Structure formats: C-alpha cells, structure tokens
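The following paragraphs are meant to be read alongside the coordinates, moving from the interior of the fold outwards to one helix and then to one strand. Please keep the structure open while reading.

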Amino acid sequence: MVERSQWVEITDEDPTHSQRYIERFRTMAEAGRDLAGEARLIDAMAPRSARILDAGCGPGRVGSTLAELGHEVVGVDVDPVLIAEAQREHPGATWLVGDLAELDLPAADFDVIVCAGNVMTFLAPSTRSLVVSRLGAHLADGGRLVVGFGAERGYPFDEFRDNAEAAGLVLDLEVSTWDLRPFGEESEFLISVLSRPASSD
C-alpha cells in the first residue's frame with residue numbers, strides 16, 4: 001500500500017468536492033472558455049492514432065478531446081466520481097480508477113503521457129518520485145511525458161526535476177504555459193516535456 005494522495009484526503013473530508021469540481025468545469029465550458037489548450041499541444045506532439053495516457057484524467061477534459069482527434073486514449077484517476085463522469089460523458093476513451101503510484105497497465109507502451117491540471121501537487125509527497133517513475137515506465141521507447149503544475153503548491157520544481165532524472169527520463173523542454181511561453185526564474189507554472197530514450201537493442 002502507498003500513502004493516500006492529498007486528493008483522496010480532500011474528498012474523504014468533503015464528499016461533495018468531486019461533484020463541485022465537475023460542475024465548475026461544466027460551467028466554464030458552457031461559458032465558452034477554452035479548455036482544450038493542453039490537448040492541442042499533446043496532439044501536435046503525437047503521431048496520428050497515437051496511444052496516449054491521460055494521467056490524473058479527472059472527468060476526461062483533456063483525454064476526451066484527444067480521443068475525438070483520433071487517438072487511442074486511456075485515462076486513469078484515483079477519484080471514482082470523476083471517472084464515472086468521464087465514462088458517462090466521453091465513451092470514446094477508456095477510463096480507469098487507479099492510483100498513479102500503483103500504475104501497472106498491461107500495455108505500457110504509450111507514445112505520449114500527459115499529466116496536466118496540477119495533478120502532481122495532489123499526490124502524497126512520499127509517492128512523488130514513485131509516480132514519475134511509474135509514468136516513465138509506461139512510455140514506449142522514445143515516448144514523451146508532459147507534466148504541468150504550478151509553483152507554491154508544495155512540490156518544488158527542482159524536486160520534480162530530480163525525480164525525473166532518477167526515473168531515467170531526459171528533459172527535452174521546459175515552458176511556462178500550454179501555448180509555449182518561455183520558462184524563466186519568475187514563472188509560476190512549469191510544463192516539462194520529458195522523454196524515455198529509445199532502446200539501443
């Protein structure tokens with residue numbers, strides 16, 4: 001067993017939290033807000049009909065757009081309420097309940113893995129390195145992991161970089177926004193594009 005995530009702690013304390021989260025994004029969508037920026041970037045990086053893992057997928061906001069674009073999408077989230085919403089609203093992808101610290105999918109050969117929406121900052125601190133390692137292990141040779149989260153949320157950027165290096169991942173790019181604004185010392189958000197080196201076999 002691994003330490004429970006901070007998200008689980010929050011939802012155990014407030015059982016209405018997940019549904020309010022769903023409603024917040026539904027309201028934003030109805031208001032015409034652009035909620036597909038992450039998916040557009042991932043689509044641009046991926047080959048056509050790619051295998052994509054949406055890690056910490058929530059109710060399927062990112063993964064569903066990628067599925068509509070023709071990719072084979074699997075979404076995993078620890079919250080069964082969010083997964084039930086994704087299954088109901090976006091049947092074009094596969095949505096699974098699971099803790100990212102225990103991720104062990106049978107076909108661990110994803111072209112791209114995306115972990116957006118500050119998911120990394122809701123992990124239990126003791127599982128951060130493990131989660132990065134498990135995500136890296138699910139990449140195909142040459143596959144890429146894209147992780148985005150904000151500063152001042154308890155997970156220092158340098159710690160994440162160290163975790164990625166320990167997992168054998170190569171840092172390809174750092175930017176501060178999903179539309180690729182440069183990352184600098186004052187940036188309040190980090191998006192890292194990491195890759196798993198292709199096997200020499």
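Leaving aside its neighbours within four places in sequence, which residues is Leu-53 in contact with? In this predicted model, and with those sequence neighbours set aside, Leu-53 is in contact with Val-74, Val-76, Leu-103, Leu-105, Phe-110, Val-112, Ile-113, Val-114 and Leu-135. Leu-53 is also one of the residues with the most contacts inside the largest nonpolar core, which has 28 residues, and it shares that standing with Ile-113, Met-120, Leu-135, Leu-145 and Phe-160. The elements that give two or more residues to this core are the strands β1 (51-55), β2 (72-77), β4 (110-115), β5 (139-150) and β7 (189-195), together with the helices α6 (128-137) and α7 (157-166). Of these contributions the largest share, four residues, comes from β5. A second core, separate from this one, is made of 24 residues and includes Val-62, Leu-66, Ala-93 and Trp-95. As a general background to such groupings, nonpolar side chains in soluble globular proteins tend to be buried together.

The strand β5 deserves a closer look. Nine of the 12 residues of β5 are buried, so this strand is largely enclosed by the rest of the structure. With β4 it runs parallel, the two being joined by five bridges, and within that pairing Val-112 has Arg-144 of β5 as its bridge partner. The chain passes from β4 to β5 by way of α6, and the resulting β-α-β crossover is right-handed. β5 is also joined to β7, here by seven bridges and in an antiparallel arrangement, with Gly-150 standing opposite Phe-189 of β7.

Turning to the helix α2, which comprises residues 17-30, one finds 14 residues that reach 20 Å from the first C-alpha to the last, close to the 20 Å expected at 1.5 Å a residue. Its buried residues are His-17, Ser-18, Ile-22, Phe-25 and Met-28. Seen down the axis of α2, these buried residues fall within an arc of 145°, and they therefore line one face of the helix. The general reason for such a pattern is that an α-helix has 3.6 residues a turn, so residues three or four places apart point the same way. Among the elements that cover the buried residues of α2 are α1 (6-13), α4 (61-68) and α5 (80-89). After α2 comes Gly-32, whose phi is positive, near 85°.

How values were computed. Residues numbered from 1 in each chain as written. Predicted model: local features only at pLDDT ≥ 70, side-chain atom pairs only at ≥ 80, totals over all residues. Heavy atoms only, no water. Core = buried A, V, L, I, M, F, W, Y, C linked by side-chain atoms within 4.5 Å. Buried < 20%, exposed > 50% of the residue type's maximum accessible area, 1.4 Å probe, protein only. Contact = heavy atoms within 4.5 Å. Expected span 1.5 Å × (residues − 1). Arc of directions from axis to C-beta. Pairing = 2+ DSSP bridges. Right-handed = clockwise from strand over helix to strand, strands pointing away.
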